[in-house]
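Here is a walk through the charged side-chain pairs of one protein chain. Keep the sequence and the model side by side while reading.

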Amino acid sequence: MKNRHDVSRVVALVPAAGQGVRLGESMPKAFVPVGGSPMLTLAIDGLIASGVVDHIVIMTPAELVGEAQGLLAGHLGSACPVPVGVVPGGTERTDSVRAGIAAAPQASHFLVHDAARALTPPTLIARVVAELRAGHSAVVPGLPVTDTIKSVDAQGDVTGTPDRAGLRAIQTPQGFEADLLRRAYAAGLQATDDAALVEAFGARVRVIPGEPMAFKITTPLDLHLARTLLAERDEPGQALSTGAMR
Ligand code: C5P
């Protein structure tokens, strides 16, 4: 860990280019409405509300860049305190993040945050940046796993049962020193999260407590949960609990 350092140009990269096949909706996942707003705008609202993001770059399917720009212009208006850009994503999530990195040469730090984690509390985003400010070069939120996890082979036979106590389900936003993430991506590997690329590069990745509300909306059940939670929040007298697990 280094001394506290300059976290002056935090660029949030928002992968939103997935087709969302597992969700079973008729449109790419980031554009699916939850409580009347597309997941994408909910995720952007959270990043802005955190107060720790200087610039946002969103990666959408190439054919939806214009639609996303129009959606955000209408939603955020001209008084938005944070510049927001949209660029075409790629075939895999890693390709999308790579496109975002290339669009933000000014970044001192990156936060990579899935549009599909639309209900992420702004306080979690601020906690990740606080850890970067404290000198950690790679920071990810994670929750203890509640299921027993097994590895299986191609035939479906169990090959191992890792000790659950040492496992974490990793969320976003994931925060990185910009040059570290740039170097990790330059290696050209694929992974399901950004920290894995940084780990492969030999860097130390710090895990901080995640938030149940930062769950990824992937399946129809997740979408039902997200819509129900927002409907409850919007009822008079109701507050949306973030129920942080430590
Ligand atoms: O597929 P998965 O659920 O892991 O996707 C996580 C996030 O990555 C989603 O917000 C999705 O839109 C985004 N993604 C992307 N480009 C892809 C695939 C996924 O930006 N090619």
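Eight salt bridges are present in this predicted model. Side chains of opposite charge can pair when their charged atoms come close. Four of the residues concerned, Arg93, Asp114, Arg117 and Asp194, are joined in a network of salt bridges.

Arg93 is a good place to start. Its salt bridge with Asp114 has the closest N and O atoms 2.9 Å apart. This pair links distant parts of the chain, 21 residues apart: Arg93 sits in helix 3 (residues 93–102), and Asp114 in the loop between strand 6 (109–112) and helix 4 (122–133). Arg93 also meets Asp194 in a salt bridge, at 3.0 Å from N to O. Because Arg93 lies in helix 3 and Asp194 in helix 6 (residues 194–200), this second pair ties together parts that are 101 residues apart in sequence.

How buried or exposed are these side chains? Arg93 has 21% relative accessibility, so Arg93 counts as partly exposed, the cut-off for buried being under 20%. Asp114 has a relative accessible area of 9% and is therefore buried. Asp194, at 0% relative accessibility, is buried too.

Another salt bridge joins Glu211 and Arg127, with 3.3 Å between N and O. Here again distant parts of the chain are linked, 84 residues apart: Glu211 is in the loop between strand 12 (206–209) and helix 7 (220–234), while Arg127 is in helix 4. Glu211 is buried at 3% relative accessibility, whereas Arg127, at 23%, counts as partly exposed.

Note on methods
Residues numbered from 1 in each chain as written. Predicted model: local features only at pLDDT ≥ 70, side-chain atom pairs only at ≥ 80, totals over all residues. Heavy atoms only, no water. Salt bridge = Lys/Arg side-chain N within 4 Å of Asp/Glu carboxyl O. Helix = DSSP H or I, 4+ residues; strand = E, 2+ residues; numbered from the N terminus. Buried < 20%, exposed > 50% of the residue type's maximum accessible area, 1.4 Å probe, protein only.
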